[in-house]
Amino acid sequence: QVQLVESGGGLVQAGGSLRLSCAASGRAFRSYAMGWFRQAPGKEREFVAAISRSGGSTYYVDSATGRFTISRDNAKNTVYLQMNSLKPEDTAVYYCAANEDYGSLRHGYWGQGTQVTVSS
């Protein structure tokens with residue numbers, strides 16, 4: 001089992017940047033593919049970005065491509081989401097996810113979420 005704790009959310013103006021962090025504890029971090037999802041009020045939770053166990057492969061939702069970067073530091077048991085050029089529509093609770101199966105992040109472990117609010 002793995003425990004996930006997100007941090008780094010906050011209030012930022014449109015065009016600004018934030019870096020989210022997700023610290024993992026428990027079983028070997030490098031055994032897990034990691035991802036970020038988000039959920040806006042009244043909407044379903046949606047995929048944002050994912051990174052493979054080694055960090056060699058990444059994948060993004062179209063709306064994040066070119067603006068967001070997912071990375072991981074296996075020595076620190078942490079995954080990051082650097083978000084640039086933020087837009088009001090990026091406002092949501094952002095969740096970190098982990099699963100041994102890169103393609104099944106939704107069905108793995110979740111953090112408690114961190115709020116990101118982008119003002120116009």
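Start by selecting β4 and β5 in this predicted model: the two strands make a hairpin, with six residues between them. Click on Gly 42 in the turn and check its backbone, where phi is positive at about 80 degrees. Now show the strands themselves. β4 and β5 run antiparallel and are joined by five bridges. To find one of these pairings, pick Met 34, whose bridge partner in β5 is Ile 51.

**Along β5 to the next turn**

Keep β5 (46-51) selected and colour it by accessibility. How many of its six residues are buried? Five of them are, and the strand is mostly covered.

Next add β6, residues 58-60. This strand runs antiparallel to β5, with three bridges joining the two. Go back to Ile 51 and look across to β6: the residue opposite is Thr 58. So far Ile 51 has turned up as the bridge partner of Met 34 and as the residue facing Thr 58.

β5 and β6 make a hairpin too, with six residues between them. The glycine to click on in this turn is Gly 55, which has a positive phi of about 90 degrees.

**Rings and an arginine**

Show side chains for Phe 37, Phe 47, Tyr 59, Tyr 95 and Trp 110, which form one aromatic cluster. Then add Arg 45 as sticks. Arg 45 lies over the face of Tyr 95, at 3.7 Å from the ring centre. The charged end of Arg 45 also sits over the ring of Trp 110, this time 4.5 Å from the centre.

In total there are five aromatic pairs in the model. One to zoom in on is Tyr 32 with Tyr 109: the ring centres are 6.0 Å apart and the planes stand at 80 degrees, so this pair counts as edge-to-face. Trace the chain from each ring and you'll find Tyr 32 in the loop between β3 and β4, and Tyr 109 in strand β10; the pair therefore ties together parts that are 77 residues apart in sequence. Is each ring buried or exposed? Tyr 32 is buried, at a relative accessible area of 2%, while Tyr 109 is partly exposed at 29%.

**Into the cores**

Hide the rings and select Met 34, Trp 36, Val 79, Leu 81, Met 83 and Tyr 94. These belong to the largest nonpolar core, which has 29 residues, and they are the ones that touch the most other members. To see where the core draws its residues from, colour by strand: β1, β3, β4, β5, β7, β8, β9 and β11 each give two or more.

Centre the view on Met 83 and list what surrounds it. Leaving out residues up to four places away in sequence, Met 83 touches Gly 16, Ser 17, Leu 18, Leu 20, Arg 67, Phe 68, Tyr 94 and Val 116. There is also a second, separate core of six residues; Ala 33, Phe 37, Phe 47 and Ala 97 are among them. You've met two of those names already, as Phe 37 and Phe 47 are in the aromatic cluster.

**The four-stranded sheet**

Now switch to a cartoon and select β1, β3, β8 and β7. In that order, the four strands form an open sheet with antiparallel pairing. β1 (2-7) and β7 (68-73) are the edge strands; each has a single partner, so one side of each is left without a neighbour in the sheet. Look along the sheet and you should see the twist, which averages 15 degrees from one strand to the next.

Zoom in on β1 and β3, which pair antiparallel over six bridges. Gln 3 has Ser 25 as its bridge partner in β3. Then step to Ala 24, also found in β3. Ala 24 counts as buried, at 10% relative accessibility. Leu 4 is 20 residues away from it in sequence, yet the two C-alpha atoms are 4.7 Å apart. Beyond neighbours within four places in sequence, Ala 24 is in contact with Val 2, Gln 3, Leu 4, Phe 29 and Asn 77.

**Two loop stops**

Asn 77 is worth a click of its own. The residue is in the loop between β7 and β8, and its phi is near 55 degrees, a positive value in a residue other than glycine. Asn 77 is partly exposed, at 28%.

Finish at Ser 85, in the loop between β8 and β9. Here phi is near 50 degrees, again positive in a residue other than glycine, and Ser 85 is partly exposed with a relative accessible area of 39%.

Technical notes:
Residues are numbered from 1 along each chain as its sequence is written. This is a predicted model: local features need pLDDT of at least 70, side-chain atom pairs count only at pLDDT 80 or more; totals for chains, interfaces and linings use all residues. Side-chain values use heavy atoms; hydrogens and water are left out. Two strands pair if DSSP finds at least two bridges between them. Axes are lines fitted to C-alpha atoms, for helices over the stretch in contact, and angles run from 0 to 180 degrees between N-to-C directions. Buried means under 20% relative accessible area, exposed over 50%, partly exposed in between (1.4 Å probe, protein chains only). Contact means heavy atoms within 4.5 Å. Rings of Phe, Tyr and Trp (its six-membered ring) pair if their centres lie within 6.5 Å; planes under 30 degrees apart count as stacked, over 60 as edge-to-face and the rest as tilted. A charge sits over a ring if NZ of Lys or CZ of Arg is within 6 Å of the ring centre and within 35 degrees of the ring normal. A nonpolar core is a set of buried Ala, Val, Leu, Ile, Met, Phe, Trp, Tyr and Cys residues joined through side-chain atoms within 4.5 Å.
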